[in-house]
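Reader: I have a new model open and would like to learn how to read it. Could you take me through it one feature at a time?

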Amino acid sequence: MAITSANQLELLQTAEAVAREKMIDPGLVVEAMEESLARAAKSRYGAEMDIRVSIDRKTGKATFTRVRTVVEDDLLENYQAEFTIEQAKQYMANPEVGDVFVEEVPPVEMGRIAAQSAKQVILQKVREAERDRQYEEFKDRAGTIINGAVKREEFGNVIVDLGGAEAVLRRNDKIGRESYRSGDRLRAYIKEVRREPRGHQIFLSRTAPEFMAELFKMEVPEIYDGIIDIKAVARDPGSRAKIAVISHDGSIDPVGACVGMRGSRVQAVVNELQGEKIDIIPWNEDQPTFLVNALQPAEVSKVVLDDEAGKIEVVVPDEQLSLAIGRRGQNVRLASQLTALDIDIMTEAEESERRQKEFEERTKLFMDTLDLDEFFAQLLVSEGFTNLEEVAYVEVDELLVIDGVDDGTANELQARARDYIDAQNKAALDNARELGVQDSLVAFEGLTPQMIEALAKDGVLNLEDFATCADWELAGGWTSVNGERVKDDGILEPFDVSLEEAQDMVMTARVVLGWVDPAELEADAEEGEEDTSEEAEA
């Protein structure tokens, strides 16, 4: 194909048509044509030449030029696209390194192969431009609901036409066993929009908890207006879900507003989610109260919250146990997701048995270590004392509230407890020294004699050994062996040392030894805090 006046305007018309069809800038199509023509010219004049093509945006005339750059003598590599200052003097008056000499060359006639190659370049450029347009159009729409038409299904993934763009609803983002036919209308949540060199960029979901939240926002005007807030959502897609709501207007019932007249509002959401049963729960700042609500329809007798461990124990009547757990643990699992707490459920009989066992164990502890009779040991346990440290170092006034305990008895109790603890500490430290523990580890702040003994038994004998330990070696963790999770017991795990505490102790040891600069440590900590605050703002 020769570039003649007959088809010059046809180039621009083709560019306009392609741009209009793909909804992209015509200039991008013309640039693709210029690149394809330049590639065809290089196949004619030589691949080493720097051939460039410029198409006039008004007339469609294509101008072919050869470009050569002036380089230093020792850097001359490509004789077709570069030349030295001496060689350039016959073309230029005062050539300098970096100058460019441009000369026009005759246009080329495109053969069949060159034309096919040019077509591929244009198509590739058009596809890239189309993908950039899609990304720019949809990147700010992530987190919203969109309607589309099913185009086709590939290996369980549904390709959705959004009108000028394509998205994918992957198999694990479909509800249950949903199946679609070409042309079906589909509503989904835009889960993510990301740049991809090839393949789809817009990812949809119908299983995301946010999808349910957005559906309620569409059905309930009070949520859209901000009068009611959705605080948490937990879903078992296609089966059951729980959603926690709160009203900022005392005159509006958040649960009633979400249910609607005769259940019309919640039913619209249920129908969209293929019959998924939805429990609408009033949110409460008090975690135990919120948990009682979240475990509905089961009744709860008692809630025991452990803030430090992030766990919560729930006691239910014996006949309510199966209802609280739910089919295959569904009810308690959703309640756990909703409250972000680990929930242990037990019956009243189990809780009573456990409390009795703990009572007997603590009673025996005080009888054996403090040389007390059973009645007096039971008094201590009844007043809430759980270990020797509490007895030894508590304020005397807290012991005096026990019936029959005067100043002399309280002081004697504390003296016995301290003597026993000191003896235990001395025995642990003596045992550790026999194993070879050095003073550098004994003097390290934060380690008890029992911890030092446990470290010595594991071969950690000095501060250098301790500083080389990984946090999970101390606090315990999980590893994967042959695809299965295996528990690694930490050296200090019996002493309830958390992973964060283990990290702090190891880093402190490294600072003491001079392995780590404290200033760098502080800078890293500040940077981490900044990253956390940015994530929170996002």
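Author: Happily! Let's begin at the surface, where Glu-299, Asp-318, Glu-319, Glu-348, Glu-350 and Glu-353 form a negative patch. Before going on: this is a predicted model, in which local features need pLDDT of at least 70 and side-chain atom pairs count only at pLDDT 80 or more, while totals for chains, interfaces and linings use all residues. Residues are numbered from 1 along each chain as its sequence is written, and side-chain values use heavy atoms, with hydrogens and water left out.

Reader: Which residues may join a patch, and which count as negative?

Author: A patch takes residues with over 30% relative accessible area and no salt bridge; like charges are joined within 9 Å, and nonpolar side chains (Val, Leu, Ile, Met, Phe, Trp, Tyr) within 5 Å. Asp and Glu count as negative, Lys and Arg as positive, and His and the chain ends are not counted. The place of a charge is NZ of Lys, CZ of Arg, CG of Asp or CD of Glu. Areas come from the Shrake-Rupley method with a 1.4 Å probe, and for residues only the protein chains shown count as cover.

Reader: Where does Glu-353 lie, and is Glu-353 buried or exposed?

Author: Buried means under 20% relative accessible area, exposed over 50%, and partly exposed in between (1.4 Å probe, protein chains only). Glu-353 counts as exposed because its relative accessibility is 59%, and its place is in helix α12 (residues 348-370). Helices (H or I, at least four residues) and strands (E, at least two) are DSSP runs numbered from the N terminus; the protein chain has 22 helices and 17 strands.

Reader: How should I read a salt bridge, and how many does the structure hold?

Author: Side chains of opposite charge can pair when their charged atoms come close. The criterion is a side-chain nitrogen of Lys or Arg within 4 Å of a carboxyl oxygen of Asp or Glu, and the structure holds 26 salt bridges. In one of them, Arg-235 pairs with Glu-276, their closest N and O atoms being 2.9 Å apart. This pair links distant parts of the chain, 41 residues apart: Arg-235 is in strand β10 (residues 228-236) and Glu-276 in the loop between α8 and β12. Arg-235 is buried at 8% relative accessible area, and Glu-276 is buried at 0%.

Reader: What separates Glu-358 and Arg-354 in helix α12?

Author: About one helical turn, because they are four residues apart in that helix. Glu-358 and Arg-354 form a salt bridge, with the closest N and O atoms 3.8 Å apart. Glu-358 is partly exposed at 28%, and Arg-354 is partly exposed at 28%. Elsewhere, Lys-151, Arg-152, Glu-154 and Glu-166 are linked in a salt-bridge network.

Reader: What about the backbone?

Author: Most residues other than glycine have a negative phi, and most peptide bonds are trans. Here, a cis peptide bond joins Gln-296 and Pro-297, with omega about 10 degrees. Pro-297 sits in the loop between α9 (287-294) and β13 (302-306). Arg-328 has a positive phi, near 55 degrees; this residue is in the loop between α10 (321-325) and α11 (330-339), and is exposed at 76%.

Reader: Which residues does Asp-173 touch?

Author: Contact means heavy atoms within 4.5 Å. Not counting residues up to four places away in sequence, Asp-173 touches Lys-191, Leu-204, Ser-205, Arg-206 and Thr-207. Asp-173 lies in the loop between β7 (166-169) and β8 (185-193), and counts as buried at 3% relative accessibility.
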